[in-house]
Amino acid sequence: MIDEKKKQNGMKTCFDRRIDDKVEREFMRDPLIAYTRAFNDAIDWFKNVLWHNASEEPQVAKQILVQWLNEGEVDYEVDWVYPGVDWCIYVKNENIIKWCYIDNLH
């Protein structure tokens with residue numbers, strides 16, 4: 001699970017980066033624009049923290065959400081990581097692109 005402190009630090013970093021950016025200082029006259037852009041940066045940060053590359057093996061006995069390629073279309077499926085399954089072969093056979101822990105979606 002991604003802890004609250006890590007989420008807060010990520011959002012603060014995104015906002016601080018926006019404020020420090022020379023171009024963004026001009027937008028501080030309209031705080032809504034600065035907050036909106038910082039929020040969008042925070043969402044991108046969260047997606048990068050949430051999703052794992054398919055080459056990274058998840059923990060056994062954990063429920064995951066899998067993003068995979070199905071006949072050229074990206075699809076999603078909830079699955080479990082079973083003991084004894086060769087992750088590399090599973091990724092290749094199922095065309096897995098990336099995955100995330102279901103627990104991190106709460």
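**A capped helix across an antiparallel sheet**

Asp86 caps the N-terminal end of α4, with a side-chain oxygen placed 3.1 Å from the backbone nitrogen of Cys88. This is a predicted model, and the helix in question covers residues 87-94. At the other end, α4 gives way to Asn95, a residue with a positive phi, near 55°.

What does α4 lie across? The helix sits over β2, β3 and β4, and its direction is about 120° to that of β4 (96-101).

Now to the sheet itself. It's an open one with 4 strands, paired antiparallel and ordered β1-β4-β2-β3. That leaves β1 (52-53) and β3 (73-80) at the edges, each with pairing on one side only. Strands in a sheet are held in register by backbone hydrogen bonds, in either a parallel or an antiparallel arrangement. Here β2, which spans residues 63-70, runs antiparallel to β3, and 8 bridges link the two. One of the bridge pairs joins Val66 to Glu77 of β3.

Stepping back to the whole chain, the protein has 4 helices and 4 strands. Read from the N terminus, the elements go α-α-α-β-β-β-α-β, and α4 is followed by Asn95 ahead of β4 at 96-101.

As for the overall numbers, 28% of the 106 residues count as buried. Of the contacts with a separation of 6 or more, 58% come from residues 24 or more positions apart. The accessible surface of the protein adds up to about 7,600 Å², with carbon and sulfur atoms contributing 54% of it.

How values were computed. Residues are numbered from 1 along each chain as its sequence is written. This is a predicted model: local features need pLDDT of at least 70, side-chain atom pairs count only at pLDDT 80 or more; totals for chains, interfaces and linings use all residues. Side-chain values use heavy atoms; hydrogens and water are left out. Two strands pair if DSSP finds at least two bridges between them. Contact means heavy atoms within 4.5 Å. Axes are lines fitted to C-alpha atoms, for helices over the stretch in contact, and angles run from 0 to 180 degrees between N-to-C directions. A polar contact is a pair of N or O atoms within 3.5 Å; within protein, one must be able to donate a hydrogen and the other to accept it, and residues adjacent in sequence count only if both atoms are side-chain atoms. Buried means under 20% relative accessible area, exposed over 50%, partly exposed in between (1.4 Å probe, protein chains only). Accessible areas come from the Shrake-Rupley method with a 1.4 Å probe; for residues, only the protein chains shown count as cover.
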